[in-house]
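Subject: The two-chain model, and what I found in it

Hi,

Here is the structure I promised to pass on. Have a look at it first, and then read my notes underneath.

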Amino acid sequence: MAGFLARRLLNYLVLIVVATSLAYMLAASALDPRSNYEGRNPPIPPAVVDARLTDLNLNDRTPLFERYLTWAGALAHGDFGRTVAGGSVGDDLGRRIGVTLRLITVGLLVGSVTGVLVGAYAAVKQYGAFDRLSTALSFVVLAVPTVVLANILIIAAVRFNEAVGAQILLVSGEATPGLQGGFAAAGIDRIQHLLLPTLSLSLGLAAVYSRYQRNMMLDVLGADFIRTAMAKGLSRRAALTRHALRTALIPAVTYFAFTFGALLVGTTFTEKIFGWHGVGEQLVDSISTNDINTVAAISCFAALAVLLAALASDVLHAVLDPRVRVG
Amino acid sequence: MTSERTADARSRNGRTGGHGSGAAPLPLRAGSDPVPADPVLEVRDLDITFGRGPGAVRAVRGMGYAVRPGEVLGIVGESGSGKSVTSLAVMGLLPPHAHVTGSVRLRGQEILGAPERTLTAFRGRTVSMVFQDPLSALTPVYRVGDQIAEAVRVHQRIGAAQAARRAVELLDLVGIPNAAQRARAFPHEFSGGMRQRAVIAMAIANDPDVILCDEPTTALDVTIQAQVLEVLKTAQRETGAAIVIITHDLGVVAGFADRVLVMYAGRPVEVGSVDEVYYRTRMPYTMGLLGSIPRLDRGREQPLVPIEGSPPSPAALPPGCPFEPRCPIAVPACAESEPEPVRVGSPGHLAACVRSGEIEAEGWSPAQIYGMRAVASTADTAVRGERPRPRGERDLVLAVDGLVKHYPLTKGTLLRRRVGTVRAVDGVSFDIREGETLGLVGESGCGKTTTLMEILELAAPQGGGITVLGHDTARMSARDRMAVRRDMQVVFQDPLASLDPRMTVHDILAEPLRAHGGREVGPRVRELLGMVGLEAGHAARYPQDFSGGQRQRIGIARALALEPRLVVLDEPVSALDVSIQAGVLNLLEELRTRLGLSYLLVAHDLAVVRHIADRVAVMYLGRIAEIGQADRVYDAPMHPYTRALLSAVPLPDPVMERSRRRILLEGDLPSPADPPSGCRFRTRCPLFRSLDEAVRRRCVEEEPQVRRLGDDHGVSCHFAERLGAE
């Protein structure tokens, strides 16, 4: 097992290096930081712009490969370079990663667990009322873009708040600025803020997972070993949870890594809409400001996150499926 | 809690002495026992219907049987006869859309329609089940030992450690070597035979009163089947349980069961003691079944007697006796109403046929009843009787010389590296001459299919050579290959999968003709359909409109379209029911004589091969163990493996089957990636074990080559003569 993980890690390290390097090259050749300084009044002398760009390692007159080497050399020491404004990429990113990860992790857990449970139950009650309802709902959710879904949620939350006459669901930002009160109050405030974005993230995820899990479960439900389990004298419920769900979980776990990547991109909208200052928001901003170093750093982070999720799903897969572990 | 309830139920039944005794006599009670004990399982008037309304499928109609402690009841029938559904109904495991009526009593207690709690208390404790496919019967993610321990703990209040010990005991009982260690293995680490042993261990974990076995050996090779049947006998000895064995194999029933019940179209049509049913058959369907199975102890001289037509669809049953449309002795009365099973001859022997009395009185034999067609086949034999030129003078159609096919075993994703070699075919030689049939037999994994695929590929093999109709495949131009393809055709195992469902029969048959430049295909298609016993009008239909046997006939017609000289048959009848199989085998035989074809037949069923092959080659782990004239190999096998293989095939003859000495092979087939040194069979060889140390060394060190022992008989065993002297 340890050897298996070590080999996987080594593979992933190679993949991260390749992915990040390609992202840097792409960003460095597509984005044009020089344009940030053009059209100013009074015009900035080209020599000053050149010196400034060279200082930030963003000068397009330096050969791309040379800039790449400088960037990679600094990165090897943990330095992601500087933003177009001159600040450190690393500092700003660290805080934002925390924000995004909080959103994603909670959303992912809530979404996948709900999806798996809904899907499994729907499969057990195939063609029943719950199955039909969950199928219809998940298709609706899948068909509605995140933007629309999030805004619907916001409208619903505002109505809800009006109806109960209190600000229960908070729709903007990650915390109320200048909040008075102790640690507990701050915690509750954060949860109030977290509720809606998490819901909007996890709804889509739950929809995907429930469809997937329903199919997996249906495959397993017809399997001979469920019949064997019941022939042993296990009740239907025990046979379904212990033998069917347990086996049907394996493919769902493999799916985990893929959704994590999709989610990372998906949060961009959610963050924008709910006013969270996360990585997704920054990625969009940095592209519009031609901030090559930030784009590369975020790509690096995304690659790392996706591969960590892949590693997690590998580990889970190995834990759940002995055929992988032994064979 | 559950176990207490069961115990309670048992004691109650003990007091009342069982319900069955007070009730009216069973319609299908067969008391071969002089002092019959109360039945442990009694099924009466069982009706199972799937769906509702006009589209409802009546899968089982008026099924009934009773088994007493220690008794073995065999239920035989073709696919769709309702035999498996019946056992699922007994277990209460049918899907919710099945409507079940009638009565199922376990130790006197009615369990049909009982609440789930009562059923779970019975399942696995009073009645347990062994399923057909051992590969999927175990949950892949739990250890085998844990799954058996789970069965123990569902019904008995014991600790986890104690249950685990019991699981090891059970595995040991069913003959898993090194049980303590193997209990920790996962199902995928077990071979098919071992998994079936584990399933049996699970079934006997709580000392049940009845074990239902649904085709327990159908998915297994014959030598493994023999092992598993032996384990079932052990299990029965240990538990004293009654066994209901459901199978389509009349040979298995002959040797294993005390009584037999024959099902047709959801109903029991004949029931009685095994001897009664096999030797004094009173129902034409049973006679047909017995007459249509190819037998290992009879050569091709005795033609098979197929039953015409195919079983009725349970959704559209004929008004009278369901067998009437296929019955050779049907009278108008048969079409009017369905006959009830009535007693014929000795007590306990019942047959559902209006003419059973006549059959009894006149003592008609199956041959007489199916006489008409048997005569026709005999005429065929007469034509065939005039033997063609001796083998040596006939043209060589196919020659395979030292054929090798190895598959690399690789590991790693980023850096693939070869870690081993699967020696699927490792030096195989044989030849086929004009007008003869060579049967290639062996258990799964012996390389017979790989050999066949290598021949069909018409490319240069990895090692050795293949010569088809005088052309060496290694030096073949594209044009030659096209020409040879025309002369060598193939019939596949699964008739449905090998016919394009979106093409009409006409298009299927016309395709090879057009591919080879034919223009006027219509007359030829009609001719082909006639040749395989189908009507010209069938050409416009699609494959799904045909029954399995008819589909295989279409497959044969397609193979014959180009007038080939060599036809390769890959398990041509293994997907078909016995009564259908006989017709296809007879057709193949007839076509061979009429068209002068040569066949290369790959099959695992040794009886089928005996029936149509002139010569056989027995394969073991990628090598040929024995090759030669069919009669010689079957009547006087010289290789210990052939002997064991032949002795493992059950005969549909109770007396012979009981008196046979079975050579049980130990263990499973070794992995072809790591075959034993020297003789590959030595790890399982009974002869090897009887040799003394000094002589054995030769088996370990030197790989035996096929050597001739007589005219057209070769064996790859160093000590074959010792076996013959035994």
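To start with chain B: how many of the residues of strand β9 (residues 259–264) are buried? Six of its six, so to speak the full count, which leaves β9(B) mostly covered. Do bear in mind throughout that this is a predicted model.

The cover on β9(B) comes on both faces. On one side sit R259(B), L261(B) and M263(B), on the other V260(B), V262(B) and Y264(B), and all are buried.

β9(B) has strand partners too. Strand β3 (residues 72–76) of chain B runs parallel to β9(B) and is joined to it by four bridges; V76(B) stands opposite V262(B) there. Strand β10 (residues 267–273) of chain B pairs with β9(B) in the antiparallel sense, over six bridges, and in that pairing V260(B) faces G272(B). β9(B) and β10(B) make a hairpin with two residues between the strands, and A265(B) has a positive phi there, near 50 degrees.

Next, the domains. Chain B is divided into domain 1 (2–135 + 207–264), domain 2 (282–385) and domain 3 (391–469 + 565–725). Between domain 1 and domain 2 of chain B, 15 residues of the one are in contact with 15 residues of the other. On the domain 1 side, the elements that give two or more residues are β2 (57–67) and, once again, β9 of chain B. β2(B) provides the largest share of that side, with three residues. Sorted by class, the domain 1 side has eight nonpolar, five polar and two charged residues.

Further along chain B there is a sheet you may want to pull up. Four strands of chain B form an open sheet with antiparallel pairing, in the order β14-β13-β16-β17. Its edge strands are β14 (417–433) and β17 (471–472) of chain B, each of which pairs on one side only. Strand β16 (residues 463–468) of chain B is joined to β17(B) by two bridges, in the antiparallel sense, and T467(B) has D472(B) in β17(B) as its bridge partner. Helix α16 (residues 448–457) of chain B lies across β13 (396–411), β14 and β16 of chain B, at about 115 degrees to β13(B).

One helix of chain B got a closer look from me as well. Helix α6 (residues 160–173) of chain B has 14 residues and reaches 20 Å from its first C-alpha to its last, close to the 20 Å expected at 1.5 Å a residue. Its buried residues are A163(B), A164(B), R166(B), A167(B), V168(B), L170(B) and L171(B). Several of these spacings fit a general rule: an α-helix has 3.6 residues a turn, so residues three or four places apart point the same way. What covers the buried residues of α6(B) includes α5 (144–155), α7 (179–182) and α8 (192–203) of chain B. After α6(B) comes G175(B), with a positive phi near 85 degrees.

Now for chain A. What does its secondary structure come to? Twelve helices and zero strands. The C-alpha trace of chain A spans about 85 × 60 × 40 Å along its principal axes. Of the 327 residues in chain A, 35% are buried. Among contacts in chain A between residues at least 6 apart in sequence, 73% join residues at least 24 apart.

One residue to click on in chain A is F301(A), which lies in helix α11 (residues 292–320) of chain A. Why does F301(A) count as buried? Because it has 20 C-beta neighbours inside 10 Å, and 20 is the cut-off for calling a residue buried. Leaving aside neighbours within four places in sequence, F301(A) is in contact with L93(A), I97(A) and V279(A).

Last, the place where the chains meet. The contact takes 22 residues from chain A and 27 residues from chain B. On the chain A side, α8 (224–231), α9 (236–274) and α12 (322–326) of chain A each supply at least two residues. The largest share, seven residues, comes from α8(A). By class, the chain A side has nine nonpolar, six polar and seven charged residues.

Cheers

Technical notes. Residues are numbered from 1 along each chain as its sequence is written. Chains are lettered from A and ligands numbered from 1 in the order in which they are written. This is a predicted model: local features need pLDDT of at least 70, side-chain atom pairs count only at pLDDT 80 or more; totals for chains, interfaces and linings use all residues. A residue is buried if 20 or more other C-beta atoms lie within 10 Å of its own, exposed if 12 or fewer, and partly exposed in between; C-beta atoms are placed from the backbone. Two strands pair if DSSP finds at least two bridges between them. Domain bounds come from an automatic or database domain assignment. Two residues are in contact if their C-beta atoms, placed from the backbone, lie within 7 Å. Ala, Val, Leu, Ile, Met, Phe, Trp, Tyr, Cys and Pro count as nonpolar, Asp, Glu, Lys and Arg as charged, and the others, Gly among them, as polar. The expected span of a helix is 1.5 Å times one less than its number of residues. Axes are lines fitted to C-alpha atoms, for helices over the stretch in contact, and angles run from 0 to 180 degrees between N-to-C directions.
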